[in-house]
Amino acid sequence: MMELSRRIETYLRRSGMTATRFGREAVGDPRFVFDLREGRQIGPVIAGRVAAYLEPRERRTRR
């Protein structure tokens with residue numbers, strides 16, 4: 001899970017997207033990133049949704 005949190009933080013920094021917007025778009029929860037930062041644990045379904053959201057966007061921000 002730490003890897004996913006790191007991916008999220010890296011994406012937010014590179015893209016300039018706010019944590020609130022990311023959470024809302026990725027999983028429908030505007031507090032998602034803030035809760036992760038406070039230690040929230042997520043299951044495989046949510047982790048999969050976040051990874052699926054990140055994958056195409058990470059490719060665009062790496063260019």
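**Architecture and core of a four-helix predicted model**

Buried residues account for 32% of the 63 residues in the protein, which is described here from a predicted model. The protein contains four helices and zero strands, and its elements follow the pattern α-α-α-α when read along the sequence. The C-alpha trace spans about 30 × 20 × 20 Å along the principal axes of the protein. The radius of gyration of the protein is 11 Å, which agrees with the value near 11 Å that a compact globule of 63 residues would have. Among contacts with a sequence separation of 6 or more, 51% are accounted for by residues 24 or more positions apart.

With regard to the surface, the protein exposes about 4,200 Å², of which carbon and sulfur atoms supply 49%. The protein carries 15 positive and 8 negative charges, and the mean positions of these two sets are 6 Å apart.

The interior was examined next. The largest nonpolar core comprises 17 residues, of which Ile8, Phe22, Phe32 and Val50 touch the most other members. At least two residues of this core are supplied by each of helix 1 (2-15), helix 2 (19-27), helix 3 (32-37) and helix 4 (44-62). The surroundings of phenylalanine 22 can be listed in detail: when residues up to four places away in sequence are not counted, phenylalanine 22 touches Ile8, Tyr11, Leu12, Met17, Val27, Phe32, Val33, Val50, Tyr53 and Leu54. Among these partners, Ile8, Phe32 and Val50 are also listed, together with Phe22, as the core residues that touch the most other members.

Several individual positions outside this description were also considered. Serine 15 is found in helix 1 and is partly exposed, because its relative accessible area of 32% falls in the range between under 20% for buried and over 50% for exposed residues. Although serine 15 and threonine 61 are 46 residues apart along the chain, their C-alpha atoms are separated by 6.4 Å.

Arginine 31 lies in the loop between helix 2 and helix 3, where a relative accessibility of 45% means that this residue counts as partly exposed. The C-alpha atom of arginine 31 is separated by 9.2 Å from that of arginine 21, with the two residues ten positions apart along the chain.

The loop between helix 3 and helix 4 holds glutamate 38, and glycine 39 is found in the loop between helix 3 and helix 4 as well. Glutamate 38 is classed as exposed, since its relative accessible area is 71%, whereas glycine 39, at 43% relative accessibility, counts as partly exposed. Glutamate 38 and arginine 49 are eleven residues apart along the chain, and a distance of 20 Å separates their C-alpha atoms. For glycine 39 and proline 56, which are 17 residues apart in sequence, the distance in space is 26 Å from C-alpha to C-alpha.

Methods:
Residues numbered from 1 in each chain as written. Predicted model: local features only at pLDDT ≥ 70, side-chain atom pairs only at ≥ 80, totals over all residues. Heavy atoms only, no water. Rg over C-alpha atoms; globule rule 2.2 N^0.38 Å. Buried < 20%, exposed > 50% of the residue type's maximum accessible area, 1.4 Å probe, protein only. Contact = heavy atoms within 4.5 Å. Areas by Shrake-Rupley, 256 points an atom, 1.4 Å probe, with all protein chains shown as cover. Lys, Arg positive; Asp, Glu negative; His and termini not counted. Charge placed at Lys NZ, Arg CZ, Asp CG, Glu CD. Core = buried A, V, L, I, M, F, W, Y, C linked by side-chain atoms within 4.5 Å.
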